[in-house]
Amino acid sequence: MKRLQDTKCILSIHGIESWQDYSTKAGVKNQSGIEKVDRVVEQLKQVSEYIPYIQVGLIFGLDSDRGEEPITLSKRFIEKTPFAWPVFNIPMPFGGTPMFDQYFENDRILKAMPLAFYSFPYLAFTLKHYDPITYFEKLIELSQCVSSPEMLKKRIQSTPNWRIKIFHWLRTQGEKSHEKKYHEILTQLKTDSNFLAFHEGKSETLPDFYRHQLKVMLGRYAELISPEELHPCLEQKAPRIVGSPVGVA
């Protein structure tokens, strides 16, 4: 830490990921739950003595998440570390990863979801312990905690650096825009039965909401892609072996 301070390091980003998983990555061995929260809080307080700005990454929606516990623990962490900006990520089952293999085998991948939506703020698989409506309600709850006026006040008071004070204010406004996107999807889930059925894995018909979003993304190139081409090919194939007359699937 002292060496980073001496070389004028101004930002460090830490991957906490989950309060139940990834404990080895966070350097807390087998600790989880509230023990992990308190241990990580103490670690980051030490880091903050040397580095002026800290960001942490958290994932909400893993199979280890259930009930109110991840929300309660995350709020406890946020309140105890106003000097650290939390970024909550939605899991993405990218092809070629153990997550994709597991979810595909268990038929949890939304097969008609175009790969363009494997990004924030979309959900590309069915959750193990949450229905989609509850999940986005919890994301909104976390987002509101991060961007609350009380937390902004604490963040500004946590640093003497006026540039970081401004940055905290800017990121708070950015978090509010994230919340609006969560609300947009939540509204679709509550008002469009086809949209809800799609996210529950009961329908493989891509909702009009996503078709419209994709047209916006593609702009004038949208007309070049047929509806059939929007449907991703999810089967994983091994590369063709040099010298072999056939590919290996």
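Visitor: Which residues of α6 are buried?
Guide: In this predicted model, the buried residues of α6 are P132, Y135, F136, K138, L139, I140, L142, S143, C145 and V146.

Visitor: And what do they pack against?
Guide: The buried residues of α6 pack against the helices α4, α7 (149-157), α8 (162-191) and α9, and against the strand β3 (84-89).

Visitor: How does the span of α6 agree with its 15 residues?
Guide: Helix α6 covers residues 132-146, and at 1.5 Å a residue it should span 21 Å. Its end C-alpha atoms are 21 Å apart, so the expected span and the model agree.

Visitor: What is found at the start of α6?
Guide: There, a side-chain oxygen of D131 comes to within 3.1 Å of the backbone nitrogen of I133.

Visitor: Pockets next. How much space lies in the largest pocket?
Guide: The largest pocket holds about 200 Å³. Its lining has 15 residues, of which V87, F88, N89, F120 and H178 are the closest to the centre.

Visitor: Which element gives the most to that lining?
Guide: Helix α8 does, with five residues. At least two residues each come from β3, α6 and α8. By class, the lining of the largest pocket divides into nine nonpolar, four polar and two charged residues.

Visitor: What about the second largest pocket, and which residues line it?
Guide: The second largest pocket has a volume of about 160 Å³. Its lining consists of D107, R108, I109, L110, K111, A112, T126, F198, G201, S203 and E204. Four of these residues are nonpolar, three are polar and four are charged.

Visitor: Changing topic to K202: buried or exposed?
Guide: K202 has a relative accessible area of 65%, over the 50% cut-off, and is therefore exposed. K202 is found in the loop between α9 (193-199) and α10 (208-218).

Visitor: What does its side chain contact?
Guide: The side chain of K202 makes a polar contact with the side chain of E200, at 3.4 Å. In addition, the C-alpha atoms of K202 and L110 are separated by 9.5 Å, although these residues are 92 residues apart along the chain.

Visitor: Last topic: how many cavities of 30 Å³ or more are there?
Guide: A search of the whole structure finds one. Of the 17 residues that line this largest cavity, W19, I59, D65, P70 and S74 are the closest to its centre. The space in the largest cavity is about 110 Å³.

Visitor: Where does the largest share of its lining come from?
Guide: It comes from α4, which supplies five residues. Both β2 (53-59) and α4 (69-80) supply at least two residues. The lining of the largest cavity comprises nine nonpolar, four polar and four charged residues.

Key. Residues are numbered from 1 along each chain as its sequence is written. This is a predicted model: local features need pLDDT of at least 70, side-chain atom pairs count only at pLDDT 80 or more; totals for chains, interfaces and linings use all residues. Side-chain values use heavy atoms; hydrogens and water are left out. Helices (H or I, at least four residues) and strands (E, at least two) are DSSP runs, numbered from the N terminus. Buried means under 20% relative accessible area, exposed over 50%, partly exposed in between (1.4 Å probe, protein chains only). A polar contact is a pair of N or O atoms within 3.5 Å; within protein, one must be able to donate a hydrogen and the other to accept it, and residues adjacent in sequence count only if both atoms are side-chain atoms. On a 1 Å grid over the protein atoms alone, a cavity is a set of points where a 1.4 Å probe fits but cannot get out, and a pocket is an open set with protein on both sides within 12 Å along at least five of seven lines; lining residues have an atom within 4 Å of a point. Grid points are joined across faces, edges and corners, and a volume is the space filled by probe spheres set on the points. Ala, Val, Leu, Ile, Met, Phe, Trp, Tyr, Cys and Pro count as nonpolar, Asp, Glu, Lys and Arg as charged, and the others, Gly among them, as polar. The expected span of a helix is 1.5 Å times one less than its number of residues. Contact means heavy atoms within 4.5 Å.
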